[in-house]
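Colleague: Could you take me through this model step by step, giving the reasoning behind each answer?

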Amino acid sequence: MSSASEFIRVDVNMTTCVGIARCGGCVRVCPVSIFQKNGDAPAVVEKNLDECILCELCIQTCKPEAITIRKLYEA
Ligand code: SF4
Ligand code: SF4
């Protein structure tokens, strides 16, 4: 069984993300731990993706707009 969600996909654009040391907002605000620290980069925790409640706190906190959330069931 794949650990990725069939319903939600969360991506971080590592080119525009400014890193954990300068920001780390996504790791801080997500209520269900979709993001974790991986060195200075945020990593998406695939096994938690089905817990995403689409609150968009991560998107709101991410000033460089590096986070995208796709609802795969609407694709
Ligand atoms: S909120 Fe955006 S810029 Fe900040 S660490 Fe997360 S992805 Fe990077
Ligand atoms: S939308 Fe909310 S629950 Fe989903 S990854 Fe972003 S902060 Fe976490």
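Colleague: Before we go further, where does Ser5 lie in the chain?

Modeller: Please keep in mind throughout that this is a predicted model. With that said, the place of Ser5 is in the segment before β1 (8-12).

Colleague: Is Ser5 buried or exposed?

Modeller: The cut-off for a buried residue is a relative accessible area under 20%. Ser5 has a relative accessibility of 9%, and therefore it counts as buried.

Colleague: Which side chain makes a polar contact with the side chain of Ser5?

Modeller: The side chain of Ser5 reaches the backbone nitrogen of Ile8 at 3.1 Å, but that partner is a backbone atom. The side-chain partner, in a polar contact of 2.5 Å, is Asp50.

Colleague: Turning to the loop between β3 and α2, which backbone oxygen lies 2.7 Å from a polar atom of the side chain of Asn48?

Modeller: Asn48 has its place in the loop between β3 and α2, and because its relative accessibility is 16%, Asn48 counts as buried. The backbone oxygen that lies 2.7 Å from a polar atom of its side chain is that of Ser33.

Colleague: How far apart in space are Val45 and Arg70, C-alpha to C-alpha?

Modeller: Val45 lies in the loop between β3 (41-44) and α2 (57-61), and with a relative accessible area of 12% Val45 is buried. In sequence, Val45 and Arg70 are 25 residues apart. Their C-alpha to C-alpha separation in space is 15 Å.

Colleague: How many cavities of 30 Å³ or more are there?

Modeller: One of them, the largest cavity, holds about 100 Å³ of space, while the second largest cavity has a volume of about 90 Å³. With the threshold set at 30 Å³ or more, the count of cavities comes to 2.

Colleague: Which ligand takes the space of the largest cavity?

Modeller: The largest cavity is lined by 14 residues, and those closest to its centre are Cys17, Cys23, Cys26, Pro42 and Cys62. The residues around the ligand in question include Cys17, Cys23, Cys26, Pro42 and Cys62, together with others such as Val12 and Ile67. The space of the largest cavity is taken by ligand 1.

Colleague: How many charged residues are there in the shell around ligand 1?

Modeller: The lining of the largest cavity divides into 11 nonpolar and 3 polar residues, with no charged residues. The shell around ligand 1 has 9 nonpolar and 3 polar residues, and the number of charged residues in that shell is none.

Colleague: Where does ligand 2 sit?

Modeller: Ligand 2 is surrounded by residues that include Cys30, Ile34, Cys52, Cys55 and Cys58. Cys30, Ile34, Cys52, Cys55 and Cys58 are also the residues that lie nearest the centre of the second largest cavity, among the 14 that line it. Ligand 2 sits in the second largest cavity.

Colleague: How many charged residues does the shell around ligand 2 have?

Modeller: The lining of the second largest cavity has 13 nonpolar, no polar and 1 charged residues. Around ligand 2, Glu56 is one of the residues in the shell, and Glu counts as charged. By class, the shell has 11 nonpolar residues and no polar ones, and its number of charged residues is 1.

Colleague: How far apart in space are Ile34 and Cys52, C-alpha to C-alpha?

Modeller: Ile34 is found in the loop between α1 (25-29) and β2 (35-38), and because its relative accessibility is 2%, Ile34 counts as buried. Ile34 and Cys52 both belong to the surroundings of ligand 2. They are 18 residues apart in sequence, and in space their C-alpha to C-alpha separation is 7.1 Å.

How values were computed:
Residues are numbered from 1 along each chain as its sequence is written. Chains are lettered from A and ligands numbered from 1 in the order in which they are written. This is a predicted model: local features need pLDDT of at least 70, side-chain atom pairs count only at pLDDT 80 or more; totals for chains, interfaces and linings use all residues. Side-chain values use heavy atoms; hydrogens and water are left out. A residue is near a molecule or strand if one of its heavy atoms lies within 4 Å of it. On a 1 Å grid over the protein atoms alone, a cavity is a set of points where a 1.4 Å probe fits but cannot get out, and a pocket is an open set with protein on both sides within 12 Å along at least five of seven lines; lining residues have an atom within 4 Å of a point. A molecule sits in a cavity or pocket if more than half of its atoms lie within 2 Å of its grid points. Grid points are joined across faces, edges and corners, and a volume is the space filled by probe spheres set on the points. Helices (H or I, at least four residues) and strands (E, at least two) are DSSP runs, numbered from the N terminus. Buried means under 20% relative accessible area, exposed over 50%, partly exposed in between (1.4 Å probe, protein chains only). A polar contact is a pair of N or O atoms within 3.5 Å; within protein, one must be able to donate a hydrogen and the other to accept it, and residues adjacent in sequence count only if both atoms are side-chain atoms.
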